[in-house]
Amino acid sequence: MIHNFPNLRIIKHPLIQHKLTQMRKKETNKKDFRTLLREISLLMGYEITRDMPIREIEIETPLMSMKAPTIAGEMVAIVPILRAGLGMADGLLELMPTAYEGHIGLYRDPETKKPVEYLVKLPFVDDRMFILVDPMLATGNSAVYAIDILVRHGVALEKIKFLALVAAPEGIETFNKSYPTIPIYAAALDDCLNAKAYIEPGLGDAGDRLFGTY
Ligand SMILES: O=P(O)(O)OC[C@H]1O[C@H](OP(=O)(O)OP(=O)(O)O)[C@H](O)[C@@H]1O
Ligand SMILES: O=c1cc[nH]c(=O)[nH]1
Ligand SMILES: [Mg+2]
């Protein structure tokens, strides 16, 4: 089925695609699942920070002074939606060790599929770019709820990017009902949700595979 999601950017880098396939395999163990998620997130982080602002500063090399580029403005904030988002934050922090990190703890009520909030801790806004991360965009309820929190916290819509690993069309539909201008980066757009609102073909329960829980 052809979808038209203008704010969806599927990152097709061969290494990302290869590693995602490895993650999807049901026989991939917790250790490899976590390592692969960190590696993919680092690679996706490279892609989504292409438009970071740069400014010139005066420096001295061992030979002479020069004007050199450096990252401008406030350092980005990486905000994983707990728990599975933590697996993606690892890779982004490896790429940007000085990034600030916030946390939004949500779990999806098994019955209602609605998010239940259990923790919110965020850095000061200071005109900072906020990268919200969660591997799975299934119904989209968690992502929308988390962005609602960022907006209430004072983050401007144009300062928010959403980074997922696998997205379902239903999740993007829901996301775009509230936030059609916020870019969604993903490694794959899968087919649909099953009766339990799991993404098909998907990769199972990201949090449980990451932490060995059930
Ligand atoms: O788009 P949605 O339908 O909201 O589903 C996506 C959310 O569901 C899963 O989290 P879960 O509630 O299983 O918690 P966990 O990450 O701690 O495992 C997943 O990690 C996403 O956060
Ligand atoms: O497929 C899915 C859907 C929601 N949450 C997950 O972890 N996996
Ligand atoms: Mg989760």
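Where does ligand 2 sit? In this predicted model, ligand 2 sits in the largest pocket. The surroundings of the ligand are described below, beginning with the residues that form its shell.

The residues around ligand 2 are drawn from several stretches of the sequence numbering: Arg108, Met136 and Ala138 are among them, as are Ala197, Tyr198 and Ile199, and the set is completed by Gly204, Asp205 and Ala206. By residue class, this shell divides into six nonpolar residues, one polar residue and two charged residues.

Polar contacts to the ligand were examined next. A backbone N or O atom of Ile199 lies 2.8 Å from an oxygen atom of ligand 2; Ile199 itself is found in strand S15, which spans residues 199-200. For Gly204, a backbone N or O atom is placed 2.9 Å from a nitrogen atom of the ligand. A polar backbone atom of Ala206 is likewise 2.9 Å from an oxygen atom of ligand 2. Taken alone, ligand 2 exposes 240 Å², of which the protein buries 89%.

The record annotation can be set beside these contacts. In an unreviewed entry, UniProt lists Ile199, Gly204, Asp205 and Ala206 under "binding site". Of these residues, Ile199, Gly204, Asp205 and Ala206 are included in the lining of the largest pocket, where ligand 2 sits. Ile199, Gly204, Asp205 and Ala206 also belong to the residues around ligand 2 in the model.

Technical notes
Residues numbered from 1 in each chain as written. Chains lettered and ligands numbered in written order. Predicted model: local features only at pLDDT ≥ 70, side-chain atom pairs only at ≥ 80, totals over all residues. Heavy atoms only, no water. Near = heavy atom within 4 Å. Polar contact = N/O pair within 3.5 Å; in protein donor to acceptor, adjacent residues only side chain to side chain. Areas by Shrake-Rupley, 256 points an atom, 1.4 Å probe, with all protein chains shown as cover. 1 Å grid on protein atoms, 1.4 Å probe; cavity = no way out; pocket = protein on both sides within 12 Å on 5 of 7 lines; lining within 4 Å. Sits in = over half its atoms within 2 Å of the grid points. Nonpolar A, V, L, I, M, F, W, Y, C, P; charged D, E, K, R; others polar. UniProt positions renumbered as here; feature names shortened; annotations may be inferred. Helix = DSSP H or I, 4+ residues; strand = E, 2+ residues; numbered from the N terminus.
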